Amino acid sequence: MNLTSRRVTRIAFSVIILFVLAQVVWWIMFQNQYIASVTDMTLKEWRNDVLTANELLDLGLSEDMRNELLTRYPHLVFDNDDGRYVLNQAVVSAFVDEQRGSTRMFAYEGPVFIFVVLLGLWIIARSLRTERELKTRQQNFLSAITHEFKTPISTLRLLIETALMRKLSPEKQQDYLRRMAAELSRLEQTSEQVLAAARLEQSQETILEPQEMNSLVQSIVGRARSSLEARGAELRVEYFAGDLPVSIDASAFTVVLNNLLDNAVKYSPDDHKPILLRLDSKDDLVLVEVADQGMGIDEKEMKHVFEQFYRVGSEMTRKTKGVGLGLHLVKSIIEAMNGWVRVEANEPKGSRFTLVLPRRVVLAEADTVVNLGGAS
Ligand code: ADP
């Protein structure tokens, strides 16, 4: 369906372009021919006028009549040497120049017209393509989200039905409960992401409050570490030797950092999943880096991964769970906190996401001096 509509659009655009080109070429040729024939005809008439004037001269013309003739026919002059009327060469060349000017004007106007039409078509084609890409992404999102909700629900149903059907040993029971808890967390994470995205869409204001980044990250990592490590993460955190005062919404920042950490594990296919979470400070900025050594992101994809519903590859080929909302949330939330996020390739492999936030201006209690440095 999509392919057919794309083909129809392409054919329609080609037909319009061909038609416009043919029309303009024909138009220029027609104008050239028309101008050439008007020039020829006029010059022929003027030559006839010379003949007629000379015939009248032979019949005998008074001085007044001769002057009257010259006023009425400015393309004629009287040649005193020959005593005959001849063509006024100055008028002839001015006329020929004027006709050439018209030809040149059409020769310039034609290409400008083609350029304007092509530019218009290009703008329309680009917006059609963007719309189509968004539609595909929304379809991908729908199928991913259906999968994200359905899979844990059917796993939960299966585990509960099995538990109801037969008596389980205490170990089995523990194992089942652990698996149920994991599936529930997955459901929780997906709904949280969808709700957070919906909230952002309605652009609810973020309330920024003073926080210290080292301790905030420590508390987030404290809560997330065990589940990340259970999935194979080897998480190392490098705190900054000094205070990192920031103004942020702590719960929204938790969503941001959890998303980056979750992705770092999710997109590291090897058994060993080293992840480095590093805090730093540069000038008036606070940096939070999450670097993994996973599959990395293609240079071409880097600028797209923050778009809503964008996932690298297609739903058919992707094996990882997700709905393409995580990084969109990361970007939107961090921007609402006056910061930004960037992604680059990590060494030797993988990717590195850096959150950049402005350092909060701290007023020293004693003398209310503005202290931008903060760190010792
Ligand atoms: P999701 O993970 O739900 O697909 P995200 O918005 O979090 O959505 O990420 C968008 C895409 O960016 C992912 O589908 C993935 O292809 C790519 N990506 C994100 N983080 C990483 C990472 N750490 N390493 C490699 N690819 C990543």
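Two strands pair if DSSP finds at least two bridges between them. Helices (H or I, at least four residues) and strands (E, at least two) are DSSP runs, numbered from the N terminus. This is a predicted model, in which local features need pLDDT of at least 70 and side-chain atom pairs count only at pLDDT 80 or more, while totals for chains, interfaces and linings use all residues. Residues are numbered from 1 along each chain as its sequence is written, and side-chain values use heavy atoms, with hydrogens and water left out.

**Exercise 1. Describe the hairpin formed by strand 6 and strand 7.**

Step 1. Find the pairing: strand 6 (residues 273-282) and strand 7 (residues 285-292) run antiparallel and are joined by eight bridges.

Step 2. Find a bridge at the turn: Lys282 has Leu285 in strand 7 as its bridge partner.

Step 3. Look at the turn: two residues lie between the strands, and Asp283 there has a positive phi of about 50°.

**Exercise 2. Work out the order of the strands in the five-stranded open sheet.**

Step 1. Start with strand 4 (residues 233-238), which runs parallel to strand 6 and is joined to it by six bridges. Arg236 has its bridge partner, Leu276, in strand 6.

Step 2. Go on from strand 7, which runs antiparallel to strand 9 (residues 351-358) and shares seven bridges with it. Val288 stands opposite Leu355 of strand 9.

Step 3. Write the order, 4-6-7-9-8, with mixed pairing. Strand 4 and strand 8 (340-345) are the edge strands, as each pairs on one side only. From one strand to the next, the twist averages 15° (axes are lines fitted to C-alpha atoms, for helices over the stretch in contact, and angles run from 0 to 180 degrees between N-to-C directions).

Step 4. Add the helices. Helix 5 (residues 213-230) packs on the sheet and touches strand 4, strand 6, strand 7 and strand 9 (contact means heavy atoms within 4.5 Å). The direction of helix 5 makes about 170° with that of strand 4. Helix 6 (residues 250-266) lies across strand 4, strand 6, strand 7 and strand 9, and runs at about 25° to strand 7.

**Exercise 3. Which residues surround the ligand, and what polar atoms lie by its nitrogen and oxygen atoms?**

Step 1. The ligand is surrounded by 18 residues (one heavy atom within 4 Å is enough), and the closest are Asn263, Tyr267, Asp292, Arg311 and Leu327.

Step 2. List polar contacts (pairs of N or O atoms within 3.5 Å):
- Asp292 has a polar side-chain atom 2.8 Å from a nitrogen atom of the ligand.
- Gly324 has a polar backbone atom 2.9 Å from an oxygen atom of the ligand.
- Ser351 has a side-chain N or O atom 3.1 Å from a nitrogen atom of the ligand.

Step 3. Find the cover: of the 530 Å² of accessible area that the ligand has on its own, the protein covers 97% (Shrake-Rupley method, 1.4 Å probe). Helix 6, helix 8 and strand 9 each give two or more residues to the shell.

**Exercise 4. Are Lys321 and Arg186 buried, partly exposed or exposed?**

Step 1. Place them: Lys321 is in the loop between helix 7 (299-302) and helix 8 (326-336), and Arg186 is in helix 4 (residues 170-201).

Step 2. Apply the cut-offs: buried is under 20% relative accessible area, exposed over 50%, and partly exposed in between (1.4 Å probe, protein chains only). Lys321 counts as partly exposed because its relative accessibility is 41%. Arg186, at 12%, therefore counts as buried.

Step 3. Check contacts, leaving aside residues up to four places away in sequence: Lys321 touches Glu148, Arg186, Lys266, Tyr267 and Arg311. Arg186 is in contact with His147, Glu148, Thr151, Pro152 and Lys321.

Conventions
A polar contact is a pair of N or O atoms within 3.5 Å; within protein, one must be able to donate a hydrogen and the other to accept it, and residues adjacent in sequence count only if both atoms are side-chain atoms.
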